[in-house]
Amino acid sequence: MAMTLEVLPLPVSDIDRARDFYRDKVGFHVDIDQEVMPGMRIVQLTPPGSGCSIALGDSIWEMAGGVRPAPGSYQALQLCVTDIKAAHAELTARGLEISEPVVYAPDDGATFMYFKDPDGNGWAVQEYRRRTTEPLHRLLAAQATEAGSPDHS
């Protein structure tokens with residue numbers, strides 16, 4: 001059975017402020033901003049090129065039967081880019097307060113920069129240059145084809 005991770009609920013204190021931040025400062029696309037049922041507003045935003053979105057809403061936690069996390073309590077959420085210097089330039093031009101890129105090792109995947117949303121949810125942006133020539137969607141399609149082949153159990 002194939003499963004995809006497509007939406008992560010994000011705890012925020014002010015849905016409009018968070019929507020504006022992720023749309024205007026980080027560059028996420030607003031997919032949904034509506035009352036999906038009486039008293040339940042959902043705002044879903046997707047990073048450009050991503051198959052996974054974030055969802056903002058007051059009633060999300062109750063519907064799932066879980067405890068509502070405190071706004072700002074999520075840390076180490078991660079975005080990936082192919083060129084961290086270009087991403088840093090674009091994000092700072094949008095007005096995002098983000099750290100300078102930190103190179104932990106010369107290897108691909110070892111350079112990061114960091115920012116927080118208005119509530120304090122923490123994000124990392126990882127440079128993964130390999131995605132320039134090996135986009136994730138192609139790798140996943142190849143993996144699915146391989147998993148369906150008769151000699152792969």
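Before we look at any single residue, let me fix what I mean by an element: helices (H or I, at least four residues) and strands (E, at least two) are DSSP runs, numbered from the N terminus. In that sense the place of H88 is in helix α3, and I will come back to H88 once the frame around that helix is clear.

This is a predicted model, in which local features need pLDDT of at least 70 and side-chain atom pairs count only at pLDDT 80 or more, while totals for chains, interfaces and linings use all residues. Residues are numbered from 1 along each chain as its sequence is written, and side-chain values use heavy atoms, with hydrogens and water left out.

Taken as a whole, the protein has four helices and eight strands, and along the sequence these follow the pattern β-α-β-β-β-α-β-α-β-β-β-α. The C-alpha trace spans about 50 × 45 × 25 Å along its principal axes. Of the 153 residues, 35% count as buried, where buried means under 20% relative accessible area, exposed means over 50%, and partly exposed lies in between, with a 1.4 Å probe and protein chains only.

Let me turn to the sheet that holds β1, in which four strands form an open, mixed sheet in the order β1-β4-β3-β2; here two strands pair if DSSP finds at least two bridges between them. Because β1 (7–9) and β2 (29–37) stand at the edges with a single partner strand each, one side of each is left without a neighbour in the sheet. The twist averages 25° from one strand to the next, the axes being lines fitted to C-alpha atoms, for helices over the stretch in contact, with angles that run from 0 to 180 degrees between N-to-C directions. Helix α1 (residues 15–25) packs on this sheet and touches β2, β3 and β4, its direction making about 15° with that of β3; contact here means heavy atoms within 4.5 Å.

Within this sheet, β2 and β3 pair in the antiparallel sense over seven bridges, and E35 has R41 in β3 as its bridge partner. Their hairpin has two residues between the strands, and in it G39 takes a positive phi near 80°. On its way through the sheet, β3 (residues 40–46) also pairs with β4 (residues 53–56), antiparallel over three bridges, with V43 standing opposite L56 in β4.

The sheet that holds β5 is likewise an open one of four strands with mixed pairing, in the order β5-β8-β7-β6. Its edge strands are β5 (77–81) and β6 (102–103), each of which pairs on one side only. Two bridges join β6 to β7 (residues 111–116), and these strands run antiparallel, with V102 opposite F112 in β7.

Now we can return to helix α3 (residues 84–93), which lies across β5, β7 and β8 (122–127) and runs at about 20° to β7. Is H88, in that helix, buried or exposed? H88 is buried, with a relative accessible area of 11%, and, leaving out residues up to four places away in sequence, H88 touches I98, S99, E100, P101 and M113.

Two further residues deserve a moment, and they are in contact with one another, since G122 in strand β8 has A76 among its contacts, along with Y74, Q75, L77, F115 and K116, when neighbours within four places in sequence are set aside. G122 is buried, with a relative accessible area of 5%, whereas A76 is exposed at 65%. A76 is found in the loop between α2 (60–63) and β5, and its phi is near 70°, a positive value in a residue other than glycine.

Finally, the largest pocket holds about 1,200 Å³ of space. On a 1 Å grid over the protein atoms alone, a pocket is an open set of points where a 1.4 Å probe fits, with protein on both sides within 12 Å along at least five of seven lines, and lining residues have an atom within 4 Å of a point; grid points are joined across faces, edges and corners, and the volume is the space filled by probe spheres set on the points. There are 36 lining residues, of which P47, P48, G49, S50 and C80 lie nearest the centre. The elements that give two or more residues to this lining are β4, β5, α3, β8 and α4 (136–148), with the largest share, five residues, coming from β5. By kind, the lining divides into 22 nonpolar, nine polar and five charged residues, where Ala, Val, Leu, Ile, Met, Phe, Trp, Tyr, Cys and Pro count as nonpolar, Asp, Glu, Lys and Arg as charged, and the others, Gly among them, as polar.
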